[in-house]
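Work through the exercises below with the sequence and the model open. Each task is followed by a solution in steps.

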Amino acid sequence: MHSDQETVRVVIVDDDQLVRMALRLVIDGEPDLIVVGEAADGDTAITVVDEQRPDVVLMDVRMPGRDGVDTTRYLRAEPAAPAVLVLTTFDSDELVLGALRAGALGFVLKDTPPARIADAVRAVAAGNPVLSPTVTARVIAAATGPGSAEARSASRDAARKRLAALSERELDTARAVADGLGNPEIAARLRVTVATVKAHTGNLFTKLGVANRVQIALLVRDAEH
């Protein structure tokens, strides 16, 4: 997790040069943020991240060659992996959903006001998910809406099998995470201490093989739809 006392190092990944330029202006305009590299495709992004070791990667999902989903999955599997914040115009909800499952910590729309983009970068650098309730609803709808009934059934069965490994309290915690609650709210709902919630959440990461709370939420949603 990144320290708030340090400058957050950012790599921008987008195949549109104008988008990269605009984002660089936003990031470099903040005293505590700095762009240390850019890439126009996934393969270049991997090279740049390996060289620069940023705290955060702003990742477009739709790119030629290696797309943002596969690039996110690769980066998140690396030691000392950077946090990934997905950039989207929402012309492809499924790609954004795939990026979240691959380990991205949140997403922002490309037309988000500059100050909010900067805040989102700070949030993921600190290990906090960035999930707008309105946009999250669209992602969940993409996961549970029209599509192959067989594919949805397979995802549901796989998710339920993974959740079956949890204790009752761990499952309650997972459902609370899926509802968007923070640790204090979960503690109040379950009538336990915050320390207990943190212990349960740690168990969820291990038992479910996930990297963040977003993936826990998606797994619970898959199991329930």
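**Exercise 1. Locate arginine 53 and describe its backbone and its exposure.**

Step 1. Arginine 53 sits in the loop that links helix 2 to strand 3; helices (H or I, at least four residues) and strands (E, at least two) are DSSP runs, numbered from the N terminus. The model is predicted: local features need pLDDT of at least 70, side-chain atom pairs count only at pLDDT 80 or more, and totals for chains, interfaces and linings use all residues. Residues are numbered from 1 along each chain as its sequence is written, and side-chain values use heavy atoms, with hydrogens and water left out.

Step 2. Phi of arginine 53 is positive, near 50°, in a residue other than glycine. This residue comes just after helix 2.

Step 3. The relative accessible area of arginine 53 is 47%, so the residue is partly exposed. Buried means under 20% relative accessible area, exposed over 50%, and partly exposed in between (1.4 Å probe, protein chains only).

Step 4. For a second case, take alanine 80, which has a positive phi of about 50° although it is not a glycine. Alanine 80 lies in the loop between helix 3 and strand 4. With a relative accessible area of 71%, alanine 80 is exposed.

**Exercise 2. Describe how helix 2 begins and which elements cover its buried residues.**

Step 1. At the N-terminal end of helix 2, aspartate 41 acts as the cap: one of its side-chain oxygens is 3.2 Å from the backbone nitrogen of aspartate 43.

Step 2. Helix 2 covers residues 42-52, and its buried residues include Gly42, Ala45, Ile46, Val48 and Val49. An α-helix has 3.6 residues a turn, so residues three or four places apart point the same way.

Step 3. The cover over the buried residues of helix 2 includes strand 1, strand 2 (33-39), strand 3 and helix 3.

**Exercise 3. Is strand 3 enclosed or open, and which strands pair with it?**

Step 1. Five of the five residues of strand 3 (residues 56-60) are buried, so the strand is largely enclosed by the rest of the structure.

Step 2. In a regular strand the side chains alternate between the two faces of the sheet. Here Val56, Leu58 and Asp60 point one way, while Val57 and Met59 point the other way.

Step 3. Strand 1 (residues 8-13) runs parallel to strand 3 and is joined to it by four bridges; two strands pair if DSSP finds at least two bridges between them. Within this pair, valine 10 has valine 56 as its bridge partner.

Step 4. Strand 4 (residues 83-88) also runs parallel to strand 3, with five bridges between them. Here leucine 58 is bridged to leucine 85.

Step 5. Strand 3, helix 3 (residues 68-76) and strand 4 form a right-handed β-α-β unit. Right-handed means that, with the strands pointing away from the viewer, the path from the first strand over the helix to the second runs clockwise.

**Exercise 4. What does the UniProt record place at Asp60, and what surrounds this residue?**

Step 1. The unreviewed UniProt entry places the feature "modified residue: 4-aspartylphosphate" at Asp60. UniProt positions are given in the numbering used here, feature names are shortened, and annotations may be inferred rather than shown by experiment.

Step 2. Aspartate 60 is part of strand 3. Its relative accessibility is 4%, so aspartate 60 counts as buried.

Step 3. Beyond its neighbours within four places in sequence, aspartate 60 is in contact (heavy atoms within 4.5 Å) with Val13, Asp14, Asp15, Gly68, Leu87 and Lys110.

**Exercise 5. Describe the surroundings of arginine 20.**

Step 1. Arginine 20 belongs to helix 1 (residues 17-28). With a relative accessible area of 12%, arginine 20 is buried.

Step 2. Not counting residues up to four places away in sequence, arginine 20 touches Ile12, Asp14, Asp15, Glu38, Ala39 and Ala40. The C-alpha atoms of arginine 20 and alanine 40 are 8.6 Å apart, and the two residues are separated by 20 residues along the chain.

Step 3. The side chains of arginine 20 and glutamate 38 make a polar contact at 3.1 Å. A polar contact is a pair of N or O atoms within 3.5 Å; within protein, one must be able to donate a hydrogen and the other to accept it, and residues adjacent in sequence count only if both atoms are side-chain atoms.
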